[in-house]
2 protein chains.
Amino acid sequence: MNIADQTFPAADSANEDRAQAIRDQLRDAIVDRRLAPGTKLSEGEVGTLFEVSRTVARAALQMLSFEGLVRTERNRGAFVANPSPEEARQVFASRRLIEPGIAIAAAGRMTPAHVVAFKAQLDEEGRFIVERGPSARRSEIKASGDFHLLLASVAGNVILQRFMEELVARSSLVIALYGRSGISSCGHSEHMQILEALETGNAPRASALMLHHIDHIEADLDLRVRGGPALRQALEL
Amino acid sequence: MNIADQTFPAADSANEDRAQAIRDQLRDAIVDRRLAPGTKLSEGEVGTLFEVSRTVARAALQMLSFEGLVRTERNRGAFVANPSPEEARQVFASRRLIEPGIAIAAAGRMTPAHVVAFKAQLDEEGRFIVERGPSARRSEIKASGDFHLLLASVAGNVILQRFMEELVARSSLVIALYGRSGISSCGHSEHMQILEALETGNAPRASALMLHHIDHIEADLDLRVRGGPALRQALEL
DNA sequence: TTAGAAAAGATTGCATACGATTTTTGCGAG
DNA sequence: CTCGCAAAAATCGTATGCAATCTTTTCTAA
């Protein structure tokens, strides 16, 4: 696996917790689907990959399990989460509840610098959409999530920001699992509309657009159980 | 079945993760104000107290730091969180955003068993209010939080439920820090009104009542900085 | 007397070791 | 050939040890 392809520990992350750095890399790998749901992440393996002891690897896995990206079973190990359709629905129900409010808060705090950041974000997003292929699709899902994270950071509530980080990460997993193909071009245009509403300070419109946007994302999922949940459970791993 | 499982942490949690059991006890102590904000929680001390190694104590502290109840500083240790007024405002802003939606969801899922559980909860809450004294006041804060947690469990979204657990725990800390005295009797009656709306399936009313209730809780805080934030920062441990 | 530096002490970060539990493998009986 | 069972391997849970870092104390010099 090329998950730990970071050569030098950057000066910044060397000063920080190594477990946190490993968590970030693993999270990226999970959200990008380089690690498939259900993949076993043994402490020893993660430790050797990142050249740390099991202690540190274990701490990283524990953090991911708090975020819901990894499920751990006692005396068995850690596995990349494999969210059920029901979990997927709850993720989007949570987003429907939270994100319109975040959009309203953000609309009242937009600065020109924020607008610039959003424009750059949307440009990047657009680049991945014109490309095709599995790699571009992964980047597209990630970039789409980054839009929502940027919005949450503008809203200025660190607690809600952390909630959104978790929800966006889990959404990426869900989209990768249950997503249909040709969705996100429409998502991109909706992001642009939302930015427009934010720029003009039209909070109600931004909020309503966000709600529709989330609905559209969820509507483009195929949440029917494939072959029944029991079978799925039995076959996984 | 949702409030009944708050029994003694004896046989069940001995079989479970010990770190989790320690986390629960520490969280209760923090929420109950038996551990004052700013108190140092050294790994060794926690370990000896609970008769486990530093490894296990460390894991428990890490969990609490994820929940925002404990703040850890590298190479310095863990301390009971000391939320700033700004953090307090963000906690309640988050609750204003999330809890009305939870009330709506819960209103659509109430069963007679839920009603019984709520009645029992409110009875207990009332008992602590007639009593006076610091111990009763702590129990009162905790019982008041339990009402909101029960509501979240009825709503049936495990993700939102976890968010609410964090928000309620942090709220308890904030109330203990910034709360004025004679607040909660009014809170109790509001809880009863909310239950009434839930029983009759009046979701909009339950939602509106919840919003007012949160406003009232926050209004009864004194969030003025005491002596300036710089001084506060300088003096605290 | 006080400022500053050096040593002592305490605490965390991390690695490693060992027992416990689970999973896999190997082998013989049916 | 399949099934069951026991031994082996793998993996986790936890304790402990050592080095690094931070804090406190102590000692010296202006």
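In this predicted model, the area buried between chain B and chain A is about 2200 Å², and carbon and sulfur atoms give 57% of it. On each side of this interface the count of residues involved is given by one statement: 27 residues of chain B are in contact with 27 residues of chain A.

How the two chains are placed relative to one another can be described by a rotation. Turning by 180°, with 0.0 Å of shift along the axis, superposes chain B on chain A with an RMSD of 0.0 Å, and this is the relation of a two-fold axis. The same surface serves both copies, since 100% of the contact residues of chain B recur in chain A. If you look for the residue of chain B that comes closest to the rotation axis, you will find B:Ile98, whose C-alpha lies at 3.2 Å.

The interface also holds pairs of charged and polar groups. Four salt bridges are found across the interface of chain B and chain A, and one that can be located in the structure joins B:Arg74 to A:Asp17, where the closest N and O atoms are 2.7 Å apart. Across the same interface there are 12 residue pairs in polar contact, with both residues at pLDDT 80 or more. On the side of chain B that touches chain A, H4, helix H5 (85–107) and helix H8 (158–178) of chain B each supply at least two residues, and the largest share, nine residues, comes from H5(B). Sorted by class, this side of chain B has 13 nonpolar, seven polar and seven charged residues.

We can now turn to the DNA. DNA strand D is surrounded by 18 residues, and the closest of them come from both chains, namely A:Arg54, A:Arg58, B:Ser53, B:Thr55 and B:Arg76. By class, the surface near this strand has nine charged, seven polar and two nonpolar residues. Helix H3 (43–50) and helix H4 (54–66) of chain A, together with helix H4 (54–66) of chain B, each supply at least two residues of the surface near DNA strand D, while the largest share, three residues, comes from H4(B).

Which parts of the strand does the protein approach? Of the atoms of DNA strand D within 4 Å of the protein, 73% belong to sugar or phosphate, and the rest belong to bases. A base oxygen of the strand is 2.7 Å from an N or O atom in the side chain of A:Arg54. Asn75 appears in both chains: a polar backbone atom of A:Asn75 is 3.2 Å from a sugar or linking oxygen of DNA strand D, whereas in B:Asn75 a polar side-chain atom lies 3.3 Å from a sugar or linking oxygen of that strand.

Technical notes:
Residues are numbered from 1 along each chain as its sequence is written. Chains are lettered from A and ligands numbered from 1 in the order in which they are written. This is a predicted model: local features need pLDDT of at least 70, side-chain atom pairs count only at pLDDT 80 or more; totals for chains, interfaces and linings use all residues. Side-chain values use heavy atoms; hydrogens and water are left out. A residue is near a molecule or strand if one of its heavy atoms lies within 4 Å of it. A polar contact is a pair of N or O atoms within 3.5 Å; within protein, one must be able to donate a hydrogen and the other to accept it, and residues adjacent in sequence count only if both atoms are side-chain atoms. Helices (H or I, at least four residues) and strands (E, at least two) are DSSP runs, numbered from the N terminus. Ala, Val, Leu, Ile, Met, Phe, Trp, Tyr, Cys and Pro count as nonpolar, Asp, Glu, Lys and Arg as charged, and the others, Gly among them, as polar. Copies are superposed by least squares on the C-alpha atoms of residues with pLDDT of at least 70 in both. Contact means heavy atoms within 4.5 Å. Buried area is the accessible area (1.4 Å probe) that two parts lose on being put together, summed over both. A salt bridge is a side-chain nitrogen of Lys or Arg within 4 Å of a carboxyl oxygen of Asp or Glu.
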